[in-house]
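Reader: I am new to this structure and should be grateful for a close look at a single part of it. Please choose one place, describe its surroundings, and then follow the connections outward.

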Amino acid sequence: LKKADLKFLVNDFEGVKLLLDKRRFFEFMIENNLEIYIPKYYKNSNEISYPCVIKHINGANGDTVRIVYSKEELGVVDKDEVVNEYVLGDTEYAMNLFYKDGNIIEEVTYKKTYSEKFYVLNRETKYKMMDTKIINPYLDEFKEIIRCIVPHATELLCCIDYKVQDNRPKIFEINVRLGYTLARNGDDFKKIMDKYILETEK
């Protein structure tokens, strides 16, 4: 690849390891005084308020996520699972972004609305969501969060999944890839990839 003068921007390895592990991500946010930007993270069973969400630390596509409505239903939590607050509401957001040198170079955000109050976004429900592209009002907050997560990295290509509670984003996870909604919208996907390719040529 080097001989062919092909250049790629890749995500920081340490940042990838942190974001792939949901427990590490939640604990990192708390340790760095960013807990206001995540749902309540429960380390002890006696702290839990219901309904709550339980998921595997390395789960993907919502396959391991379930809503739990009582202590009896929760049962014993596996060592590779995390439990956090269920943020109420039928609307969540997916922000696809390209970050470079401390700034968000390009982004596309989708508002995603479901027909029910309680739901899990997964392989089945994602095709039942109403998707609308919006102007994201939280760019400064997200920029500072990413700077904290990858302080020594120059680039990050990712998708931030969140809801809004009390006019503040509550991040479920940050995927170290672009989102499926962006991939289904050719013009938006091209917008981010054109910027990505342009930056590789610098």
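Author: In this predicted model, Asn 136 has a relative accessibility of 5%, and because buried means under 20%, this residue counts as buried. Its place is in the loop that runs between β7 (130-134) and α4.

Two polar links involve the side chain of Asn 136. One reaches the backbone nitrogen of Tyr 138 at 2.8 Å; the other is a polar contact, at 3.1 Å, with the side chain of Tyr 162. Leaving out residues up to four places away in sequence, Asn 136 touches Met 95, Glu 107, Thr 109, Phe 142 and Tyr 162.

Phe 142 leads from this loop into the largest nonpolar core. That core has 30 residues, and Phe 142 is among those that touch the most other members, together with Phe 25, Met 29, Ile 149, Ile 160 and Ile 171. At least two residues of the core come from each of α1 (13-20), α2 (22-31), β5 (91-100), α4 (139-149), β8 (155-165) and β9 (168-175). A further core, of nine residues, lies apart from this one and includes Leu 157, Leu 178, Ile 192 and Tyr 196.

Ile 160 shares two neighbours with the loop residue: Met 95 and Phe 142 are in contact with Ile 160 and are also touched by Asn 136. Beyond four places in sequence, the contacts of Ile 160 also include Tyr 93, Leu 97, Ile 146 and Ile 171.

Phe 25 and Met 29 carry the account to α2. Its buried residues are Lys 22, Phe 25, Phe 26, Phe 28 and Met 29. Viewed along the axis of α2, these residues fall within an arc of 160 degrees, so they line one face of the helix. In an α-helix there are 3.6 residues a turn, so residues three or four places apart point the same way. The elements covering the buried residues of α2 include α1, β1 (41-42), β2 (52-56), β4 (81-85), α4 and β9. At the start of α2, a side-chain oxygen of Asp 21 comes to within 3.0 Å of the backbone nitrogen of Arg 23. Asn 33, with a positive phi near 60 degrees, follows the helix.

Three of these covering strands belong to an open sheet of four strands, antiparallel in pairing and ordered β1-β4-β2-β3. The edges are β1 and β3 (66-68); each has a single partner strand, so one side of each has no neighbour in the sheet. α2 packs on this sheet, touching β1, β2 and β4, and its direction makes about 45 degrees with that of β4.

How values were computed:
Residues are numbered from 1 along each chain as its sequence is written. This is a predicted model: local features need pLDDT of at least 70, side-chain atom pairs count only at pLDDT 80 or more; totals for chains, interfaces and linings use all residues. Side-chain values use heavy atoms; hydrogens and water are left out. A nonpolar core is a set of buried Ala, Val, Leu, Ile, Met, Phe, Trp, Tyr and Cys residues joined through side-chain atoms within 4.5 Å. Buried means under 20% relative accessible area, exposed over 50%, partly exposed in between (1.4 Å probe, protein chains only). Contact means heavy atoms within 4.5 Å. The arc is that of the directions from the helix axis to the C-beta atoms. A polar contact is a pair of N or O atoms within 3.5 Å; within protein, one must be able to donate a hydrogen and the other to accept it, and residues adjacent in sequence count only if both atoms are side-chain atoms. Two strands pair if DSSP finds at least two bridges between them. Axes are lines fitted to C-alpha atoms, for helices over the stretch in contact, and angles run from 0 to 180 degrees between N-to-C directions.
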